[in-house]
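Please find below a colleague's note on the structure shown here. It addresses the sheet architecture and a set of annotated positions.

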Amino acid sequence: MTDTTQEGAPSQALSFELKCTDGRARRGRVTVTHGSFETPAFMPVGTRGTVKGMTPRDLRETGAEICLGNTYHLNIAPGGKIVKKLGGLHGMMGWDAPILTDSGGFQVFSLPKLEIEEEGVTFAFKKGGKAIQLTPERSMQIQEALGADIIMAFDHVVAHPAPYQLAEEAVYRTSRWLERCRKAHTRTDQALFGIVQGSTFPNLRRLSVELICSQDLPGYAIGGLSVGEGHQLMMDTIDQTEPFMPAEKPRYLMGVGYPEDLVEAVARGVDMFDCVLPSRLARSGIIFTRHGRYRVTKGRYKADKFPLDTNCNCYACRNFSRAYVNHLINSKEILGSVLATLHNITFYQDLMRAMRQAIEEGRFESFRRAFLDEYLSDDRKEELDLEEVLGTSEHDADDLPWKTTHSVVPPTTVEENRRRSRRDAEVSAPEERMKEHKRASKGGARKGSKAGAKGQGKARRASSGRSQKSSKSSKSGRSKSGGKGSGSSSKFAKSKSSKNSKNSGSGKPK
Ligand SMILES: [Zn+2]
């Protein structure tokens with residue numbers, strides 16, 4: 001990539017093609033210096049220049065076309081200068097596809113002990129004896145050294161709930177800081193995104209859109225969400241923000257989220273997402289499936305021969321049993337985290353792919369209803385103590401500053417266990433499944449299965465809130481009302497590979 005230097009560089013570094021819309025949902029493609037990615041897109045998070053446990057080759061295999069790095073953490077180690085020497089983030093990581101770096105602004109919210117002034121933010125963490133200071137200029141300087149394709153403006157994120165006055169101050173400050181970012185940003189091969197703030201106040205969101213989106217940038221982010229406000233308030237805030245954002249630019253919802261958040265936000269016109277959840281939760285053994293989540297480390301999976309997700313075609317699901325992953329994670333073997341992460345990120349990418357296809361085919365609304373109905377189904381739900389899970393791993397606390405609780409659908413039922421013997425053969429014969437996968441791959445069908453149609457339930461949720469570490473726990477839990485009406489066929493992925501016919505629904509409640 002070229003390291004051009006032009007004052008206040010205009011952005012020719014990004015082009016956005018809006019291919020089609022379905023309701024408010026948008027199907028597009030973003031092209032940046034290191035290639036293109038299809039939208040709606042999910043970006044796995046590589047906080048320190050790696051998505052924990054994933055080689056770039058693995059990451060590619062999940063379907064990820066862009067990933068994210070974190071300016072604050074990369075600045076601490078190995079430092080912008082070293083990253084630059086190593087060929088930028090792309091060269092250092094061995095990832096030649098698009099990368100986005102955040103600005104460090106979110107750490108204003110997530111890290112304790114800091115001082116916010118007009119000049120910038122001073123963090124308590126000391127590097128070489130000096131406290132870390134981030135300013136709009138410094139953030140641009142570091143992000144230019146890191147060399148990502150898309151870089152984010154340095155913004156002022158406030159916690160939730162925020163006093164109106166503070167939220168208003170943050171809106172104006174974020175706008176002033178954006179102007180400084182634009183002046184400091186010199187590389188023309190990087191696209192600078194502005195970030196809309198305003199907490200959950202509709203008029204402040206509107207004001208922030210006016211202040212930020214008038215600055216003619218190649219893309220805009222909705223920031224300041226996923227900070228403990230809960231699912232419904234998050235969606236309401238998107239509703240109060242998105243309609244005023246320019247249609248011809250990509251919209252990025254920062255730090256979000258759970259599968260249900262992604263589906264609902266895509267329905268509201270969001271194009272890009274990032275979140276540590278699929279990888280972070282994987283390391284604690286939380287597995288995402290179309291039917292909800294479950295914790296594979298529980299005793300009940302000790303001898304479970306099913307794959308992590310019977311409807312997934314990822315490397316982990318093609319080759320290994322829940323029992324093995326249960327053993328690996330419980331024994332603190334690295335491979336356990338690797339396999340769970342591989343699966344969870346694949347699940348997210350498959351979800352995005354399914355949404356893109358549904359938009360193209362003009363059936364996004366029915367997809368949304370069917371997916372949520374199934375994913376949030378009331379059936380045999382159990383409480384999963386994510387609070388406890390997320391509190392267990394100290395060294396990871398930095399990339400997930402909130403905690404949350406959710407309900408989950410257990411994947412096995414007594415009835416399924418009875419039918420198990422019939423399926424044991426396929427599960428215990430990974431080489432067979434591998435062959436089938438290869439055949440399926442040749443046919444171009446990556447994954448798929450018939451989802452048990454649950455009907456057109458309301459799939460209404462109260463909130464899927466993450467609550468802030470600090471305390472103001474707006475706890476979550478959702479009201480459960482997955483309906484069981486007449487069924488529209490809910491297909492997670494439309495095409496159905498030969499392999500999955502046998503697997504369909506196995507090990508999952510229907
Ligand atoms: Zn999988």
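The numbered points that follow concern a predicted model.

1. The sheet forms a closed barrel of 8 strands, in the order 4-5-6-10-11-12-13-14, with parallel pairing. Averaged over neighbouring strands of this sheet, and with direction ignored, the turn of one against another is 30 degrees.

2. One pairing within the barrel may be described in detail. Strand 5 (residues 67–70) and strand 6 (residues 99–102) run parallel and are joined by 4 bridges. G69 has T101, in strand 6, as its bridge partner.

3. An unreviewed UniProt entry lists C312, C314, C317 and H343 under "binding site". These residues span 32 residues in sequence, yet no two of their C-alpha atoms are more than 7.9 Å apart, so they gather at one spot.

4. C314 lies in the loop between strand 16 (292–295) and helix 12 (315–319). Because 26 other C-beta atoms are found within 10 Å, and 20 or more suffice for the assignment, C314 is buried. When residues up to four places away in sequence are not counted, C314 touches T62, L342, H343 and T346; of these, H343 is also in the UniProt list.

5. C317 is placed in helix 12. This residue is likewise buried, since 28 other C-beta atoms lie within 10 Å. Apart from its neighbours within four places in sequence, C317 is in contact with P307, L308, D309, C312 and H343. Two of these contacts, C312 and H343, are with residues that the UniProt entry also lists.

How values were computed: Residues are numbered from 1 along each chain as its sequence is written. This is a predicted model: local features need pLDDT of at least 70, side-chain atom pairs count only at pLDDT 80 or more; totals for chains, interfaces and linings use all residues. Two strands pair if DSSP finds at least two bridges between them. Helices (H or I, at least four residues) and strands (E, at least two) are DSSP runs, numbered from the N terminus. Axes are lines fitted to C-alpha atoms, for helices over the stretch in contact, and angles run from 0 to 180 degrees between N-to-C directions. UniProt positions are given in the numbering used here, feature names are shortened, and annotations may be inferred rather than shown by experiment. A residue is buried if 20 or more other C-beta atoms lie within 10 Å of its own, exposed if 12 or fewer, and partly exposed in between; C-beta atoms are placed from the backbone. Two residues are in contact if their C-beta atoms, placed from the backbone, lie within 7 Å.
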